[in-house]
Structure formats: C-alpha cells, structure tokens
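This report describes selected features of a protein model. Please consult the sequence and the structure shown here before reading on.

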Amino acid sequence: MATISAVVDGSKNYFDLFDLPIGFVVDQSRLSERYRALLDGEVATSYGNARSAHVSPPERSPIEIELAYRTLLDPLARAAYLLDLLDCRSEGYGASAGEYGALGGFLIAEIELRESLDEAVSRPDSAAAVAGILTDLAEQGASLEKDLERVLADPSPQNLVAAREILRRLELVGTCRRDAEDRRAALTSPA
C-alpha cells in the first residue's frame, strides 16, 4: 500500500509549510499552532525587513499562509488539494469514460434533493421537514468523509478515481445543505 507522501514529489506544499504529514487526516491543533507561529514569524520578519535591507524576505507571504491554512482546515478543500498535489491527470489517474457517466448520476441526485426540498417547504410542517433533510445531508456528508479518508489512505489509481467521485458527492451534499439552510432561514424569518 503506497502512502501519499511516497507518491508526492519533493516540491514544497501546504503540508510541508505547516510541518504536517501529507494526508487527508490532519492534526487540527498542530495546524492551528503552526499557523499562528508562521503568522507571528512573518509579521516579525516583515518588521525586520522594514528596519534592515539585509534581511531576506519571508519565504511565504501572510496571504499564502492564510490560503494554505484555509485549504488544510476545510476537508473538501484539503481533499481537492491532495488530488491536485498527486497530479492524478498526468499519471493516468484522470477521468475515465465511466466517470463522465457518473456525472449524470450526480445531476439526477441533485435534482432529486432539490425536489425533496421543494416538497418539504410546501408541507404544513415545513420547518421539521427541512430539518430532517438537513440531518440526512449531515449524515451523508459524515459517511462520505470517512470513505474519502479511507480511499486516500492508499493512493492507488483506483482509489484516486474513487476519491474524485466521493469528493464530487461531498460537494453536492454541501451545495444542497447550503440550499436547505437558506430555505430553513427563509421559513424562520419574519415575513
């Protein structure tokens, strides 16, 4: 079983920036600790640069550090970053004809979820119905995140294709969850 670290080339990446092992699962407390330390170091280095022209500029700007932190903090962004880091397309891991067929399935699933939201909003107990959909979406998201963690633990070509599919499903669940939350807010706000 290959590890992601073994597959990724030696180039600098967000995981290296925060001194974290490359993988889907990250130590959130270590990430936050390193983020604060990097920002504190960058601020100190920036002030030092203002006082002395001989001090070399920081390796990463605060904006780059912020982007890296936000990417590693969010499971979906982290998974997408990992897949980009692995550069699956150049290794023959890209989309197959079967994957494009799966996109149709995602569209159908999204339409069905939106239809159930429309039906839920029109019911007499609409707030409870939307809350039920939100609960279902949260459970689906948690299950998909576990699946993503499992397949990214072994970055074989088949698992990377599966990871892309799981990531698309997670994105769909996230989109539908935001839509359901908007509808719930509209139901609870005064008219």
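A residue is called buried when its relative accessible area is under 20%. The model discussed here is predicted.

**Helix α4**

By that criterion, Ile65, Ala68, Tyr69, Thr71 and Leu72 of α4 are buried. These residues lie on the same side of α4, because they cover an arc of only 165 degrees around the axis. The helix comprises twelve residues, 62-73, and at 1.5 Å a residue its expected span is 16 Å; the C-alpha atoms at its ends are 16 Å apart, in agreement with that value.

**Ser126 in helix α7**

Helix α7 covers residues 126-152 and includes Ser126. Is Ser126 buried or exposed? Its relative accessible area is 12%, so Ser126 is buried. Leaving aside residues up to four places away in sequence, Ser126 touches Ala120, Val121 and Leu187.

**The largest pocket**

The largest pocket holds about 190 Å³ of space. Its lining consists of Asp74, Pro75, Leu76, Leu137, Ala138, Gly141, Glu145, Leu170, Val173, Gly174 and Arg177. At least two lining residues come from each of α5 (75-85), α7 and α8 (157-188). The composition of this lining by class is given below.

| Class of lining residue | Number in the largest pocket |
|---|---|
| Nonpolar | six residues |
| Polar | two residues |
| Charged | three residues |

Among the lining residues, Asp74, Glu145 and Arg177 belong to the charged class, while Gly141 and Gly174 count as polar.

Methods:
Residues are numbered from 1 along each chain as its sequence is written. This is a predicted model: local features need pLDDT of at least 70, side-chain atom pairs count only at pLDDT 80 or more; totals for chains, interfaces and linings use all residues. Side-chain values use heavy atoms; hydrogens and water are left out. Helices (H or I, at least four residues) and strands (E, at least two) are DSSP runs, numbered from the N terminus. The expected span of a helix is 1.5 Å times one less than its number of residues. Buried means under 20% relative accessible area, exposed over 50%, partly exposed in between (1.4 Å probe, protein chains only). The arc is that of the directions from the helix axis to the C-beta atoms. Contact means heavy atoms within 4.5 Å. On a 1 Å grid over the protein atoms alone, a cavity is a set of points where a 1.4 Å probe fits but cannot get out, and a pocket is an open set with protein on both sides within 12 Å along at least five of seven lines; lining residues have an atom within 4 Å of a point. Grid points are joined across faces, edges and corners, and a volume is the space filled by probe spheres set on the points.
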